[in-house]
Each structure stands twice: as structure tokens, then as C-alpha cells.
Amino acid sequence: MTAQYRAFLVEESEGKFSASITELEKPQPQENEVLIKVEYSSLNYKDALCATGVKGVAASYPFVPGIDAVGIVQKSFSKDFSKGDRVICSGYNLGMSVYGGFGNYICVPETWIVNCPTNMDSLSAMSYGVAGLTSAACIEAIMENLDQNSKSIVVSGASGGVGSIAVGILLKLGFKVTAISTKGTSKEGIDFFKLLAGRHENNLSVIDTETFLGEGVRPLDKANFSAGIDTVGGEFLSKILSQVEPKGVVSCCGNVAGGSFKSSVFPFILRGISLVGIDSQDSPLQKKQNFWDKLAADWNLDLQSQTKVITLDELQEEITTILEGGQLGRVVIKHGDDQ
């Protein structure tokens with residue numbers, strides 16, 4: 001009998017998409033590939049889009065989403081990885097053209113995986129996931145381009161995965177942070193950001209999105225921030241650019257609020273602002289390894305209070321929540337022992 005595994009499979013029928021927990025045939029690795037028994041994966045916005053059939057995300061259907069996973073190598077045709085190694089796979093074509101982390105097994109090329117740091121457990125790895133890598137890339141871009149005396153940074157989408165991790169790391173590094181969030185003034189949001197800030201609470205201010213956007217976007221506005229991290233795009237990126245100080249930098253990594261934005265040349269030619277695009281999906285493998293090592297050491301956060309752990313059977317509800325803008329922090333899927 002062919003070995004099988006459980007997976008969250010999305011199928012298409014006459015233009016309509018549906019998902020179910022299904023038994024699939026366990027893949028077999030070929031030359032330079034590894035078979036990984038997944039311990040944890042995570043839910044990202046791109047996964048939710050894939051799970052609902054949004055065009056341009058998954059290559060074809062039926063399909064198993066999940067753009068990251070951590071687990072144990074079960075079978076290897078790689079000279080660099082052996083059975084029993086604990087590894088992380090994030091980005092590249094996982095969960096886009098190759099069945100992803102919403103299944104109990106993944107089979108991927110050796111060039112997509114890195115060793116999980118020895119001082120990071122599997123749950124912590126997926127509490128960061130692709131969101132953590134993206135946050136790290138955004139922060140690195142800022143620190144490489146920002147004057148060392150600059151201290152004030154604004155983060156949009158701050159209650160989501162990328163935004164919340166970025167806020168936590170920036171506070172730990174000593175920056176003053178302004179967090180923009182749709183939940184900024186709600187009790188739920190206040191409690192969330194209080195836990196997120198911890199002992200750095202005095203360095204964090206929170207603004208709800210309506211207040212931040214205010215009267216709209218001007219070509220140049222009062223310079224309130226040394227730098228910015230924009231995780232949502234659209235008007236938010238436009239507004240952040242108009243409010244960054246001379247020689248500042250803005251890292252851009254998301255498009256939840258829109259794939260285009262309106263601005264002028266003024267932030268760039270009158271203030272010399274740099275706009276840096278972040279692509280963590282296809283970053284060089286060594287760069288990803290460096291980010292994981294930082295997240296396990298100097299940039300390490302206790303994400304327990306902002307991470308919700310679920311099972312595959314609870315995944316559909318969380319997909320609906322993230323698409324409706326209701327996700328706080330991170331959602332991690334624990335894969336069972338019945339693999």
C-alpha cells in the first residue's frame with residue numbers, strides 16, 4: 001500500500017474553490033531533493049490568497065498551500081543534508097508551484113533549505129517563519145542606510161505577522177517605534193501591543209489607521225520619522241514617504257492595501273529619501289541563513305504571547321480571519337503525530 005499523509009488540499013471545480021483535509025500519496029525525493037516530515041508551518045497572507053484561488057499565487061490546482069515549514073529530514077538525496085537533520089524551508093516556490101507546508105510532508109530541492117539554528121526550537125522557527133525573515137530584511141535595509149543617530153521608525157500593518165515582529169525587534173534594538181494598526185485603539189489592540197512592547201512600552205506609540213491617513217496624502221508632509229517599514233502598500237506607503245526625514249529610508253514589503261501608490265518626486269529629490277523593496281521569498285540561501293541566525297540570537301524575541309497554535313483541522317477559520325484583516329500576530333500550524 002502506498003504511504004499517505006494528511007494535507008489541506010485546495011481544489012477547483014467550475015471556477016469555484018474549496019478546501020478539505022485529504023490523504024495524499026507521500027512524495028519521493030529525487031536527486032538533490034529531500035523529504036521533510038513537517039513539525040510546524042505557518043499561515044501567511046499569501047497562503048490565504050492561495051487557499052481561496054486568487055489568481056497568480058498558485059501555479060495550478062489542486063494544490064497544497066504553505067510557503068514555509070520546519071521539520072525533520074526523513075529521506076535525502078543531498079550531500080549537504082542527512083536523515084534526522086532539522087531544517088527550515090521558506091519561500092522560493094514552496095506553496096506556489098510545489099505542494100507546501102499545509103501538508104505533513106514536503107519534498108523540496110536541497111537549495112531551498114537551511115539548517116534550523118541549534119538554539120531555536122521548531123515552534124519558535126515558525127513563530128517567525130517568512131514573516132520573521134521579511135521583518136529582518138526590512139530592518140537590515142534600514143540599518144544599512146540610516147544615520148546611527150536616527151531613532152524614530154514607523155511601521156504600518158503593525159498587528160500583522162511582519163509588522164508585529166518588526167516592531168518587537170526594533171524596540172529591542174533601542175528604536176522609538178510608531179505602530180500603525182486598524183486595531184490600534186481597540187481593547188484587543190491595546191492589550192496586544194502592551195504585550196508586544198513588554199519593558200519597552202515607553203518607546204512604543206500606536207496610531208489607528210484612520211488617524212494616520214487623516215486628511216489624505218500630501219506631496220510632502222511634516223517629517224515625523226527617521227525611517228519606515230511599510231507592510232501594506234497603497235496610501236500607507238504614500239503617507240509614510242511624505243513624513244520621513246531627510247536622508248531617511250523606507251522598506252516596502254507588502255500590498256494588502258493595494259499594489260500601486262501615488263507619490264511625487266519631492267520625497268526623493270528634496271529630502272533624499274531611499275525606498276527599498278524587500279523580496280524575502282527568493283533571497284540567496286546564505287542570506288536567509290544569516291537572518292535565521294540573527295533571529296535566534298541578537299534579534300531573538302519571545303513570541304509566545306503573539307502566536308496562536310492551531311491544527312490543520314482549524315486552519316480554514318484562520319484563513320477567513322486573515323483575509324478579513326482580523327489576524328493578530330502569528331498563526332502557526334502544529335502537525336500531528338499521525339503523520
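**Exercise 1. Is Tyr99 buried, partly exposed or exposed?**

Solution. Start with the source of the values. This is a predicted model, in which local features need pLDDT of at least 70, side-chain atom pairs count only at pLDDT 80 or more, and totals for chains, interfaces and linings use all residues. Residues are numbered from 1 along each chain as its sequence is written, and side-chain values use heavy atoms, with hydrogens and water left out.

Step 1. Take the cut-offs: buried means under 20% relative accessible area, exposed means over 50%, and partly exposed lies in between (1.4 Å probe, protein chains only).

Step 2. Apply them. Tyr99 has a relative accessible area of 31%, so this residue is partly exposed.

**Exercise 2. Find the ring partner of Tyr99 and describe the pair.**

Solution. Step 1. State the rule. Rings of Phe, Tyr and Trp (its six-membered ring) pair if their centres lie within 6.5 Å; planes under 30 degrees apart count as stacked, over 60 as edge-to-face, and the rest as tilted. Over the whole structure, six aromatic pairs are found.

Step 2. Phe63 is the partner: the two ring centres are 5.5 Å apart and the planes stand at 85°, so Phe63 and Tyr99 are edge-to-face.

Step 3. Locate both residues, using helices (H or I, at least four residues) and strands (E, at least two) as DSSP runs numbered from the N terminus. Because Phe63 lies in the loop between helix 1 (45-51) and strand 4 (68-76), and Tyr99 in the loop between strand 5 (86-90) and strand 6, the pair ties together parts that are 36 residues apart in sequence.

Step 4. Phe63 is buried, at a relative accessible area of 3%.

**Exercise 3. Treat the pair Tyr5 and Tyr105 in the same manner.**

Solution. Step 1. The ring centres of Tyr5 and Tyr105 are 6.1 Å apart and the planes are at 75°, so this pair is edge-to-face.

Step 2. Tyr5 belongs to strand 1 (residues 4-13) and Tyr105 to strand 6 (residues 105-109); the pair links distant parts of the chain, 100 residues apart.

Step 3. Tyr5 is buried, with a relative accessible area of 4%, and Tyr105 is buried, with 5%.

**Exercise 4. Which lysines lie over the rings of Phe175 and Tyr92?**

Solution. Step 1. The rule asks for NZ of Lys or CZ of Arg within 6 Å of the ring centre and within 35 degrees of the ring normal.

Step 2. Lys151 lies over the face of Phe175, 5.4 Å from the ring centre. Over the ring of Tyr92 sits the charged end of Lys288, at 3.8 Å from the centre.

**Exercise 5. Trace salt bridges through the chain.**

Solution. Step 1. Side chains of opposite charge can pair when their charged atoms come close. Here a salt bridge is a side-chain nitrogen of Lys or Arg within 4 Å of a carboxyl oxygen of Asp or Glu. The count is seven salt bridges.

Step 2. Arg6 and Asp313 form one of them, with N to O at 3.0 Å. Arg6 is in strand 1 and Asp313 in the loop between strand 14 (307-310) and helix 9 (315-323), 307 residues apart. Asp313 is exposed, at 54% relative accessible area.

Step 3. Lys308 and Glu318 meet in a salt bridge of 2.6 Å, N to O. Since Lys308 lies in strand 14 and Glu318 in helix 9, the pair ties together parts that are 10 residues apart in sequence. Lys308 is partly exposed, at 43%, whereas Glu318 is buried, at 8%.

Step 4. In the salt bridge of Lys239 with Asp221, the closest N and O atoms are 3.6 Å apart. Lys239 is in helix 6 (residues 235-243), and Asp221 is in the loop between helix 5 (209-213) and strand 11 (225-230). Both Lys239 and Asp221 are buried.

Step 5. Lys239 and Asp221 are also part of a network of salt bridges that includes Glu215 and Arg218.

**Exercise 6. How many disulfides are there?**

Solution. Step 1. A disulfide is a covalent bond between the sulfur atoms of two cysteines. The cut-off used is a pair of cysteine sulfur atoms within 2.5 Å.

Step 2. The count is zero disulfides. Cys253 is in no disulfide, and the nearest cysteine sulfur, that of Cys138, is 3.8 Å away. For Cys107, also in no disulfide, the nearest cysteine sulfur is that of Cys89, 10 Å away.

Step 3. Cys253 is partly exposed, at 24%, and Cys107 is buried, at 15%.
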